Amino acid sequence: MTVVNVHNLHKAYGTNVVLKGLNFQACEGEVIGVIGKNGAGKSTFLEIIMTLKQYDTGTVVVFDEDIKSLSTNQLEHIRKQISIVLQPTQFYATLKVEELLRLFKAYYKSPIDVKKIIADFKLEAHRKKYFDKLSGGWKQIVSLAIAFLSQPKLLILDEPTTGLDPHMRNILWSYITNYNKTVGGTVILTTHNMDEIEMYCDKVMLIDNGINKRFDTTKDILDSGYTSINEFYLAKVTI
């Protein structure tokens, strides 16, 4: 099943053209990395998929719905099936981890037991700690746990492992890949870590100056003569 289908997407801010005809497709169960230097258009692209930003021309279909033709209520229905974990993670400083999970469980009207989430994400030792007292890595783990409470069909991650040590990166990726395998959910993420793209992503899209230079499986990219995704990235990005 196709979850996201984008064709000839254009977006400009005044005279600054950010996206110049992007084509993209994400299917159920895929993990897709979106890479490119800062300012390439990655965040704008993801915000459009999230239905948070309007675009100029092209077609964006999410869950078989052309989002440009949807009413506000219909867009809200789409958004409820998407969870987002942003890189700068901040929540209420006065709430403890378990309180945050219960708050979002009520918000999402989630059937998932908070105790199960705490166990699944190894949060027992942290459940009574205030969120703002956690390390950056555990903040990201809690953010991911909150995202899973909504049982999303589409999970969008913006540089989820930035600033994390290798141990915490592995923990975070174990949860992402487990979600992908057990639920069949689709994951779209941005990262500057090319090793993560190579290890965990089924496909990768390289955006450079608003154009997708290549959208392909990681296997096909490596089979086309590159020794690593990092080598591919450096060869294709405009300096």
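Trainee: What share of the 239 residues in the chain do buried residues make up?
Mentor: The structure is a predicted model. A residue counts as buried when its relative accessible area is under 20%. Of the 239 residues in the chain, the buried share is 49%.

Trainee: How does the radius of gyration of the chain compare with the globule rule for 239 residues?
Mentor: The chain contains 9 helices and 10 strands. Its radius of gyration is 18 Å, and the globule rule gives 18 Å for 239 residues, so the chain is as compact as a globular protein of that length. Along the principal axes, its C-alpha atoms fill a box of roughly 45 × 45 × 35 Å. In the comparison asked about, the radius of gyration is close to the rule's value of 18 Å.

Trainee: Among contacts in the chain with a separation of 6 or more, what percentage is due to residues 24 or more positions apart?
Mentor: A contact requires heavy atoms within 4.5 Å. Among the contacts with a separation of 6 or more, residues 24 or more positions apart account for 66%.

Trainee: What percentage of the area that the chain exposes do carbon and sulfur atoms supply?
Mentor: The area exposed by the chain is about 11800 Å². The part of this area supplied by carbon and sulfur atoms is 51%.

Trainee: How far apart are the end C-alpha atoms of helix α3?
Mentor: Helix α3 covers residues 97–108, which is 12 residues. At 1.5 Å a residue, α3 should span 16 Å. The distance between its end C-alpha atoms agrees with this expectation, at 17 Å.

Trainee: Within what arc do the buried residues of α3 fall?
Mentor: The residues V97, E98, L100, L101 and F104 of α3 are buried. Seen down the axis of α3, these buried residues line one face of the helix, because they fall within an arc of 155°.

Trainee: Which residues are exposed on the other side of α3?
Mentor: The cover over the buried residues of α3 includes α4 (114–120) and α5 (136–149). On the other side of α3, the exposed residues are A106 and Y107.

Trainee: What phi does K109 take?
Mentor: Most residues other than glycine have a negative phi. K109 comes just after α3 and takes a positive phi. Its value is about 55°.

Trainee: Is E159 buried or exposed?
Mentor: Two residues other than glycine with a positive phi near 50° are Q151 and E159. Q151 lies in the loop between α5 and β7 (154–158), and with a relative accessible area of 49% it is partly exposed. E159 lies in the loop between β7 and α6 (166–183). The relative accessibility of E159 is 18%, and therefore E159 counts as buried.

Trainee: How many disulfides does the structure hold?
Mentor: A disulfide needs two cysteine sulfur atoms within 2.5 Å. The sulfur of C27 has its closest cysteine sulfur in C201, at 15 Å, which is too far for a bond. C201 itself is buried, with a relative accessible area of 5%. The number of disulfides in the structure is 0.

Trainee: What distance separates the end C-alpha atoms of α6?
Mentor: Helix α6 has 18 residues and should span 26 Å at 1.5 Å a residue. The distance between its end C-alpha atoms agrees with this, at 25 Å.

Trainee: Which residues of α6 are buried?
Mentor: Elements that cover the buried residues of α6 include β3 (31–35), α4, α5, β7, β8 (186–190) and α7 (194–200). The residues buried in α6 are M168, I171, L172, W173, Y175, I176, Y179 and N180.

Trainee: How far apart in space are V183 and E28, C-alpha to C-alpha?
Mentor: V183 lies in helix α6, and at 55% relative accessibility it counts as exposed. In sequence, V183 and E28 are 155 residues apart. In space, their C-alpha to C-alpha distance is 9.7 Å.

Trainee: With which residues is V187 in contact, leaving aside its neighbours within four places in sequence?
Mentor: V187 is in strand β8 and is buried, with a relative accessible area of 0%. From I117, V187 is 70 residues away in sequence and 19 Å away in space, C-alpha to C-alpha. Beyond its neighbours within four places in sequence, the contacts of V187 are E30, V31, I32, L155, L157, I176 and Y179.

Methods:
Residues numbered from 1 in each chain as written. Predicted model: local features only at pLDDT ≥ 70, side-chain atom pairs only at ≥ 80, totals over all residues. Heavy atoms only, no water. Helix = DSSP H or I, 4+ residues; strand = E, 2+ residues; numbered from the N terminus. Expected span 1.5 Å × (residues − 1). Buried < 20%, exposed > 50% of the residue type's maximum accessible area, 1.4 Å probe, protein only. Arc of directions from axis to C-beta. Rg over C-alpha atoms; globule rule 2.2 N^0.38 Å. Areas by Shrake-Rupley, 256 points an atom, 1.4 Å probe, with all protein chains shown as cover.
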